[in-house]
Amino acid sequence: MKWTDTQRIAEELFDRHPDIDPKTVRFTQLRQLILDLSEFDDDPQRCGERILEAVQQAWIDEAE
């Protein structure tokens with residue numbers, strides 16, 4: 001997965017972290033959760049606020 005795979009990342013986070021409310025996750029925590037995904041393979045420096053916002057929104061949508 002790459003940073004641009006926001007929907008896939010959100011689905012993985014939803015499956016792996018049912019105990020986390022995506023509405024309350026901090027961007028620093030979200031970034032680390034993404035980096036910890038075994039399927040994730042992208043440059044950590046390429047992550048920006050817009051990407052994290054997109055992942056968070058997709059995760060929220062997945063949870064609803």
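**Exercise 1. Locate D42 in this predicted model, classify its exposure, and list its polar contacts.**

Step 1: D42 sits in the loop that joins α2 to α3, where helices (H or I, at least four residues) and strands (E, at least two) are DSSP runs numbered from the N terminus. The model is predicted, so that local features need pLDDT of at least 70 and side-chain atom pairs count only at pLDDT 80 or more, while totals for chains, interfaces and linings use all residues. Residues are numbered from 1 along each chain as its sequence is written, and side-chain values use heavy atoms, with hydrogens and water left out.

Step 2: With a relative accessibility of 17%, D42 counts as buried, because buried means under 20% relative accessible area, exposed over 50% and partly exposed in between (1.4 Å probe, protein chains only).

Step 3: The D42 side chain reaches the backbone nitrogen of W3 at 3.0 Å, and it also makes a polar contact with the side chain of R46 at 3.3 Å. A polar contact is a pair of N or O atoms within 3.5 Å; within protein, one must be able to donate a hydrogen and the other to accept it, and residues adjacent in sequence count only if both atoms are side-chain atoms.

Step 4: Not counting residues up to four places away in sequence, D42 touches M1, K2 and W3, contact being defined as heavy atoms within 4.5 Å.

**Exercise 2. Describe how α3 packs against α1 and against α2.**

Step 1: The axes of α1 and α3 are 8 Å apart and the helices pack at an angle of about 55 degrees, where axes are lines fitted to C-alpha atoms, for helices over the stretch in contact, and angles run from 0 to 180 degrees between N-to-C directions. That makes α1 oblique to α3, since angles under 35 degrees count as roughly parallel, over 145 as roughly antiparallel, 65 to 115 as roughly perpendicular and the rest as oblique.

Step 2: For α2 and α3 the angle is about 80 degrees and the axes are 10 Å apart, and these two helices are therefore roughly perpendicular to each other.

Step 3: On the α2 side, F27, L30, R31, L33 and I34 meet E49, L52, E53, V55, Q56 and W59 of α3.

**Exercise 3. Identify the residues that touch the most other members of the largest nonpolar core, and the helices that supply it.**

Step 1: The core holds 17 residues, of which I9, L13, L30, I34, F40 and W59 touch the most other members; a nonpolar core is a set of buried Ala, Val, Leu, Ile, Met, Phe, Trp, Tyr and Cys residues joined through side-chain atoms within 4.5 Å.

Step 2: At least two core residues come from each of α1 (6-16), α2 (27-35) and α3 (49-63), and α3 gives the largest share, four residues.

Step 3: Leaving out residues up to four places away in sequence, L13 touches L30, L33, I34, L37, V55 and W59.

**Exercise 4. Examine the surroundings of Q56 and P22.**

Step 1: Q56, in helix α3, is buried at a relative accessible area of 14%, and its side chain reaches the backbone oxygen of V25 at 3.4 Å.

Step 2: Neighbours within four places in sequence aside, Q56 is in contact with P22, K23, V25, F27 and L30.

Step 3: P22, in the loop between α1 and α2, is buried with a relative accessible area of 6%, and, with the corresponding exclusion, is in contact with Q56, W59, I60 and A63.
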